Amino acid sequence: MIIGLVFWSHTQGQRKLAVKANPNKSVPNDTELRTRLSKEQYRVTREGATETPFQNAYWDNHQPGIYVDIITGEPLFSSLDKFDSGTGWPSFTKPISKEKLVEKRDSSFGVERMEVRSRKSDSHLGHVFEDGPPPTGERYSINSAAVRFIPVGKLQEEGLGDYLPLFSGAESGDQRSASKRR
């Protein structure tokens with residue numbers, strides 16, 4: 001009986017992982033998103049709002065891990081590419097995969113810039129600018145409300161164990177690549 005219980009617990013854990021990492025999961029409808037997301041998350045992802053700088057969850061986060069789409073859980077950015085841009089928003093030199101993003105010209109507020117959206121959920125994430133550090137010269141300025149951070153220690157549990165090798169040299173605290181560069 002104990003062996004059966006252990007086996008059942010293990011299969012339940014595996015099922016939970018499969019749900020979190022399911023790339024075929026559909027994007028929830030607007031009614032569900034309004035109940036699932038906070039007002040700020042909804043405003044940012046669905047209405048294209050921008051959160052307040054220096055007063056958001058991840059602008060000063062230096063832990064190693066992955067930033068995923070708040071709606072789909074799809075991996076978008078790695079802390080290995082995060083840097084302190086001095087702007088008050090999480091900034092990255094590149095996404096994990098450009099194929100997971102869509103860039104659209106944005107002329108709002110009389111400023112020409114490039115909006116960044118998640119391809120699968122069509123969520124507004126932020127903007128990309130050409131004033132970032134080497135090697136890309138790009139600065140992806142992303143709203144914390146549009147993403148969820150998963151620390152390295154939780155990647156396996158969240159179904160993102162395939163990303164663990166990226167962090168084989170990263171320490172548990174601050175990391176070398178999340179340095180303060182401009």
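1. Two strands pair if DSSP finds at least two bridges between them, and that is the sense of pairing used throughout this note. Helices (H or I, at least four residues) and strands (E, at least two) are themselves DSSP runs, numbered from the N terminus. A nice place to begin looking is strand S1 (residues 65-69), which pairs with S2 in the antiparallel sense over 3 bridges. Within that pairing, Tyr 67 has Phe 77 of S2 as its bridge partner.

2. Before going further, please keep in mind that this is a predicted model: local features need pLDDT of at least 70, side-chain atom pairs count only at pLDDT 80 or more, and totals for chains, interfaces and linings use all residues. Residues are numbered from 1 along each chain as its sequence is written, and side-chain values use heavy atoms, with hydrogens and water left out.

3. On confidence, the average pLDDT (the predictor's confidence in each residue, from 0 to 100) is 85 for the chain, and 80% of the residues score at least 70. Two stretches deserve some caution. Residues 3-19 have a pLDDT below 50, and beyond near neighbours in sequence this stretch has 4 contacts (heavy atoms within 4.5 Å) in the model. Residues 171-182 also fall below 50, but here the stretch makes 33 contacts beyond near neighbours in sequence. Where pLDDT is low, the predicted coordinates should not be read in detail.

4. As for the overall layout, the chain holds 3 helices and 9 strands, and read along the sequence the pattern is α-α-α-β-β-β-β-β-β-β-β-β. Of the contacts with a separation of 6 or more, 60% come from residues 24 or more positions apart. The chain has 182 residues, and 43% of them count as buried (under 20% relative accessible area, with exposed over 50% and partly exposed in between; 1.4 Å probe, protein chains only). About 10,400 Å² of the chain is exposed, with carbon and sulfur atoms supplying 53% of that area; accessible areas come from the Shrake-Rupley method with a 1.4 Å probe, and for residues only the protein chains shown count as cover.

5. Strands S1 and S2 belong to an open sheet of 3 strands, ordered S2-S1-S9 and paired antiparallel. Strand S2 (75-78) and strand S9 (147-151) are its edge strands, each pairing on one side only. Neighbouring strands of this sheet are turned by 30° against each other on average, direction ignored; the axes behind such angles are lines fitted to C-alpha atoms, for helices over the stretch in contact, and angles run from 0 to 180 degrees between N-to-C directions.

6. Another open sheet has 6 strands in the order S3-S4-S8-S7-S6-S5, again with antiparallel pairing. Strand S3 (82-83) and S5 stand at the edges with a single partner strand each, so one side of each is left without a neighbour in the sheet. Strand S7 is joined to strand S8 (residues 139-142) by 4 antiparallel bridges, and His 127 has Ser 141 as its bridge partner in S8.

7. Strand S6 (residues 113-118) is worth a closer look: 5 of its 6 residues are buried, so S6 is largely enclosed by the rest of the structure. On one pairing, strand S5 (residues 101-106) runs antiparallel to S6 with 6 bridges, and Leu 101 finds its partner in Ser 118. S5 and S6 make a hairpin with 6 residues between them, where Phe 109 in the turn has a positive phi of about 60°. S6 also pairs antiparallel with strand S7 (residues 124-129), over 4 bridges, and Val 116 stands opposite Gly 126.

8. Which residue takes a positive phi in the hairpin of S6 and S7? That residue is Asp 122, with a value near 55°, in a hairpin with 5 residues between the strands. Asp 122 is also partly exposed, at 39% relative accessible area.

9. Finally, the charges. The structure holds 9 salt bridges, each a side-chain nitrogen of Lys or Arg within 4 Å of a carboxyl oxygen of Asp or Glu. Glu 115, Arg 117 and Asp 122 are linked in a network of them: Glu 115 meets Arg 117 at 2.6 Å, N to O, while the closest N and O atoms of Arg 117 and Asp 122 are 2.9 Å apart. Arg 117 counts as buried because its relative accessibility is 12%, and Glu 115 is buried too. The salt bridge of Arg 105 with Glu 112, at 3.4 Å between the closest N and O atoms, joins two residues that are both exposed.
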